[in-house]
Amino acid sequence: MSTVSEVRITTQENDMEVELPASANSRKHFSVPIRRKSCIVKEMEKMKNKREEKRAQNSERRIKRAQEYDNSFPNWEFARMIKEFRATLDCHPLTLTDPIEEHRICVCVRKRPLNKQELTKKEIDVISVPSKCLLFVHEPKLKVDLTKYLENQAFCFDFAFDETASNEVVYRFTARPLVHTIFQGGKATCFAYGQTGSGKTYTMGGDLSGKAQNASKGIYAMASRDVFLLKNQPRYRNLGLEVYVTFFEIYNGKLFDLLNKKAKLRVLEDGKQQVQVVGLQEHLVNCADDVIKMLDMGSACRTSGQTFANSNSSRSHACFQILLRAKGRVHGKFSLVDLAGNERGADTSSADRQTRMEGAEINKSLLALKECIRALGQNKAHTPFRESKLTQVLRDSFIGENSRTCMIAMISPGISSCEYTLNTLRYADRVKELSPHSGPSGEQPTEMETEEMEASSNGALIADDFSKEEEELSSQMSSFNEAMTQIRELEERAMEELKEIVQQGPGWLELSEMTEQPDYDLETFVNKAESALAQQTRHFSALQDVIKALRLAMQLEEQASKQISSKKRPQ
């Protein structure tokens, strides 16, 4: 039998050779090489197909979402995620039938509705209030790969009011329980705190229409009405109580009487270490209508200015006090404080010096206020009330067993205000140190991503860079605050020296009149002139030294402000 030599066939697809036996009839054997795909190539093709399918599915999902939401609407993707998150919440908002709880320190939060400006910009609402004490902030975030997601941070307070709550509802759960305290001989304080434009003045003072204010619908007036109702009850009628009111503002660390043509006031301590506001007028009132007239008069005088969020923003702390006096002695005091808008220190760096000084003073007083309230709540032996004029004036509200405080944190719901809203909530959270979870903080982040993608490790590196920048900024902020404190002290010294010089004015006029007398005594004239010149020279020299030091402090403040501004400016 003859054999046929093997035939090798090479292909371009593969180098593998396969021997194929010939048919039985021919009994000829051929070695025919054939190519076939490896397992790795097949797996790669499967992965490629899966990737394309997933992309197609994501594309279809995005098209469907775009049909459900107006994709020309800014931040529509975040709006969709917030809507999906809210669908998972079990909502039980606060109602008038809920019981009023007694707290020595009550910390509440009120969310206002979106205003006309935010609606015009088509801003989305990033605040959810599912229950009477719980609140969520849906903070928009971007990953390193530009994936959008939400960080839903939870905060827990004594009461949480949504945008539908009226001033009457807020008053019922916040300031109204405090009215009974002053009839029992105690001191009560109610603060409205929050970002500029968040509704503090609306809550405390009443409805705003331009610059005009309907004071009858604010907490000031509601508290006054309840004071007169309780005063006429049989159990308090025999005490012989009289109701007085005062209304003053604290602007740039200085006090002004809003019911006395904004007369400047002085804060001093007497021999018993009691803080006295020298020159503050107390006005006797006989009914709630008298109080409303006083409120209208004082509100018209309050200092305001234009800020990043509000064209008519209150730049001072307004303090309205209701005093109960029995035979001339203070029986109880209710202080209702509309705080100035909380400005971050970095925001004040790009403005003029006056605005920077306003912001620095506001930040300083708010920090001191927080520490005083915490000291009150924790029954600490020391209360740092001397750290600011605000806490110094309200000292008696923080000392004593029968002292109660309520803070209403006002927040704006718009996405552009999210950072400031979080700052407000963190401040309020630290005042009482409440937490909705077992963790150390009142915040509990939850992520909702647009697509399932792994976070990049570059995020940690970026966070480290941010922390270094924050440390540098903190150091510069410390220098800025030190310079600002020095300016305040030197300004006070300069005013004192100037007053001394002005007080010498009548003495010079007297000398001038003496010389017009035909028989004036020359010796007396010379002696008086020498004495007056010595005093004036001493005061002028002191004033000159203070002005030089003040100029240097102003230069240091401006330099620190520029450094902060350059750090905050995007590279």
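**Entry 1. Terms and overall count**

I take strands as DSSP runs of E with at least two residues, and helices as runs of H or I with at least four, both numbered from the N terminus. The model I am reading is predicted. I looked up the secondary structure of the protein chain and noted 16 helices and 21 strands. The chain has 571 residues, and buried ones make up 43% of them. I then took the contacts between residues at least 6 apart in sequence; 69% of these join residues at least 24 apart.

**Entry 2. Cys190**

I went to strand 8, residues 187–194, where Cys190 is placed. Is Cys190 buried or exposed? I find 0% relative accessibility for Cys190, which therefore counts as buried, the cut-off being under 20%. I next listed what Cys190 touches, leaving out residues up to four places away in sequence. Ala175, Leu178 and Met204 are on the list, as are the consecutive residues Phe334, Ser335, Leu336 and Val337. Cys406 and Ile408 complete the list for Cys190. For the pair Cys190 and Phe334 I also looked up the separation: 144 residues in sequence, and 8.0 Å from C-alpha to C-alpha.

**Entry 3. Helix 5 against helix 7**

I turned to helix 5, residues 176–183, and helix 7, residues 219–231. Their axes come within 10 Å and cross at roughly 45 degrees. That angle lies outside the parallel, antiparallel and perpendicular ranges, so I enter helix 5 and helix 7 as oblique to each other. The crossing of helix 5 past helix 7 is right-handed. On the helix 5 side, I find the contact made by Arg176, Val179, His180, Ile182 and Phe183. Helix 7 contributes Ala223, Asp226, Val227, Leu230 and Lys231. Sorted by class, the contact has six nonpolar residues, three charged and one polar. I add a reminder that residues three or four places apart in an α-helix point the same way, because there are 3.6 residues a turn.

**Entry 4. Helix 7 alone**

I checked the length of helix 7: 13 residues, reaching 18 Å from first C-alpha to last. This is close to the 18 Å expected at 1.5 Å a residue. How many of the 13 residues of helix 7 are buried? Ten are, so I describe helix 7 as largely enclosed by the rest of the structure. The buried residues begin with the run Ile219, Tyr220, Ala221, Met222, Ala223 and Ser224. Asp226, Val227, Phe228 and Leu230 are the others I listed as buried in helix 7.

**Entry 5. Thr246**

I looked up Thr246 and found it in strand 11, residues 241–251. Its relative accessible area is 1%, so I enter Thr246 as buried. Neighbours within four places in sequence aside, Thr246 is in contact with Leu259, and with Leu280, Gln281 and Glu282. Further contacts of Thr246 are Cys319, Phe320, Gln321 and Leu323.

**Entry 6. Lys261 and Lys262**

I ended in the loop between strand 12 (254–257) and strand 13 (263–269), which holds Lys261. Lys262 is found in the loop between strand 12 and strand 13 as well. What is the phi of Lys261? I read a value near 55 degrees, positive although Lys261 is a residue other than glycine. For Lys262, also not a glycine, I noted a positive phi of about 55 degrees. On accessibility, Lys261 is at 81% and so counts as exposed. Lys262 is at 30% relative accessibility and so counts as partly exposed.

Note on methods
Residues are numbered from 1 along each chain as its sequence is written. This is a predicted model: local features need pLDDT of at least 70, side-chain atom pairs count only at pLDDT 80 or more; totals for chains, interfaces and linings use all residues. Side-chain values use heavy atoms; hydrogens and water are left out. Axes are lines fitted to C-alpha atoms, for helices over the stretch in contact, and angles run from 0 to 180 degrees between N-to-C directions. Angles under 35 degrees count as roughly parallel, over 145 as roughly antiparallel, 65 to 115 as roughly perpendicular and the rest as oblique. A crossing is left-handed if the near helix is turned anticlockwise from the far one by less than a right angle, and right-handed if clockwise. Contact means heavy atoms within 4.5 Å. Ala, Val, Leu, Ile, Met, Phe, Trp, Tyr, Cys and Pro count as nonpolar, Asp, Glu, Lys and Arg as charged, and the others, Gly among them, as polar. The expected span of a helix is 1.5 Å times one less than its number of residues. Buried means under 20% relative accessible area, exposed over 50%, partly exposed in between (1.4 Å probe, protein chains only).
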